[in-house]
Amino acid sequence: MKALVYDGPGQRVWRDVPQPSLREPTDAVVRVDAVTICGTDLHILKGDVPTVQSGRILGHEAVGTIVEVGAAVTTVRPGDRVLVSCISACGRCRYCRVAAYGQCLGGGGWILGHLIDGTQAEYVRVPFADTSTHHLPDAVSSEAALMLADILPTSYEVGVRNGNVAPGDTVVVVGAGPIGLAAISTAQLYSPSQIIAIDLAQSRLDAAKQFGADVTIGAGQDAAEVVGELTGGLGADVAIEAVGVPETFELCAKLVRAGGHVANVGVHGKPATLHLEDLWIRNVTITTGLVDTSSTPTLLRMLAAGRLDTTRFITHRFALAEMEAAYQAFSHPNDTGALKVVLARP
Ligand code: NAD
Ligand code: ZN
């Protein structure tokens, strides 16, 4: 079969590799029907995630069809159409028992396209298939469901829920990439009074408006001044960090009101300064998190009921074999306007 293989920093190639097979009785082999690329894959290709070894097949998001299951798998069968979650879950460890699957101690967590071969391939081996895949109802298209493999649960859990977004709130989202836009989408489930999006790229701010931001703040504008004006001098109830660089974390800490929440979603490669000398007196709550995907069943029900539109994230569509072109489009969003790309089996 063909797969997108990471051959060390800066090196990716769509090439022939052996087809995966069952290794554990809890595994399933899934035929990939639709797959996408994540900003994290670009981080890996830059060499920012040293735990990924050369030769690894990338990808942690897919919708596919079960081909084969191990003897211990009881809830999915060959032929079933499933969402393959970016987080695998043993289902038994201390963390899995409280639905904190991202922290799984039993061999799960973020492993696909990281510690084991991933989904940017014609077939993928999915460990703990019972607790790491989700049956898809007929009403949900594969490409709509694909957005629930990572970006929607991440923004909803680590941004909106950790940030404690409540009715009437002023929510600031710093970074309007797919993650920030998904935070803007899911924050609206709680009826905030205003959503303010901050980004340096005008194309991303335009997208933020389309996804429901009321106000946008771009390069060259003083974000603290604008947020101050819009909140009677108080600051935001919730500031969601969706970039992953020190300046944006520090900006969130500056924009939040006393008693408010800073929810960090971005993956950071460098230390950021925590200004405790300003924050200690302001009752600010700061949260961090890796997605658990515990909200995926809820989001799937909303998708099936037409309460959530995820296809609007998809700006580019390719055949699976056009992996290189898809990476090109996805990695140059300023030229292509790419948000999420979908590669599908014809
Ligand atoms: P992205 O690169 O597509 O979007 C980031 C956006 O931030 C871009 O639109 C960019 O223009 C903007 N930006 C860059 N520097 C800025 C600055 N100084 N001020 C304002 N805006 C700035 O990334 P994405 O796919 O949307 O992901 C966002 C972050 O979330 C990444 O760090 C990603 O790794 C992380 N992530 C975290 C989790 C988790 O579980 N915590 C899961 C998935 C992704
Ligand atoms: Zn576990």
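Is Cys90 buried or exposed? In this predicted model, Cys90 has a relative accessible area of 13% and is therefore buried, the cut-off being under 20%. Cys93 and Cys96 are both buried as well.

These three cysteines take part in a metal site. The zinc ion (ligand 2) has as protein donors the SG atoms of Cys90, Cys93, Cys96 and Cys104, at 2.3 to 2.5 Å. Along the chain, the donors are spaced as C-x2-C-x2-C-x7-C. The angles subtended by the four donor atoms at the zinc ion (ligand 2) run from 100 to 121°, so the arrangement is tetrahedral. For reference, ideal angles at a metal with four tetrahedral donors are 109.5 degrees.

Zero disulfides are present in the structure. Cys86 belongs to none, and the nearest cysteine sulfur, on Cys38, lies 7.9 Å away. Because its relative accessible area is 3%, Cys86 counts as buried.

The largest nonpolar core comprises 83 residues, of which Leu152, Leu181, Ile184, Ile240 and Leu343 touch the most other members. Another core, lying apart from the largest one, has 19 residues, including Val174, Ile196, Val226 and Leu255. In soluble globular proteins, nonpolar side chains tend to be buried together.

The contacts of Leu343 were examined further. With residues up to four places away in sequence left out, Leu343 touches Asp33, Ala34, Val35 and Ile37, together with Phe318, Ala319, Leu320, Glu322, Met323 and Ala326.

Conventions
Residues numbered from 1 in each chain as written. Chains lettered and ligands numbered in written order. Predicted model: local features only at pLDDT ≥ 70, side-chain atom pairs only at ≥ 80, totals over all residues. Heavy atoms only, no water. Disulfide = S-S within 2.5 Å. Buried < 20%, exposed > 50% of the residue type's maximum accessible area, 1.4 Å probe, protein only. Core = buried A, V, L, I, M, F, W, Y, C linked by side-chain atoms within 4.5 Å. Contact = heavy atoms within 4.5 Å. Donors = N, O, S within 2.8 Å, 3.2 Å for Na, K, Ca; no water. Tetrahedral: all angles 85-135°; square planar, octahedral: opposite > 155°, others 65-115°.
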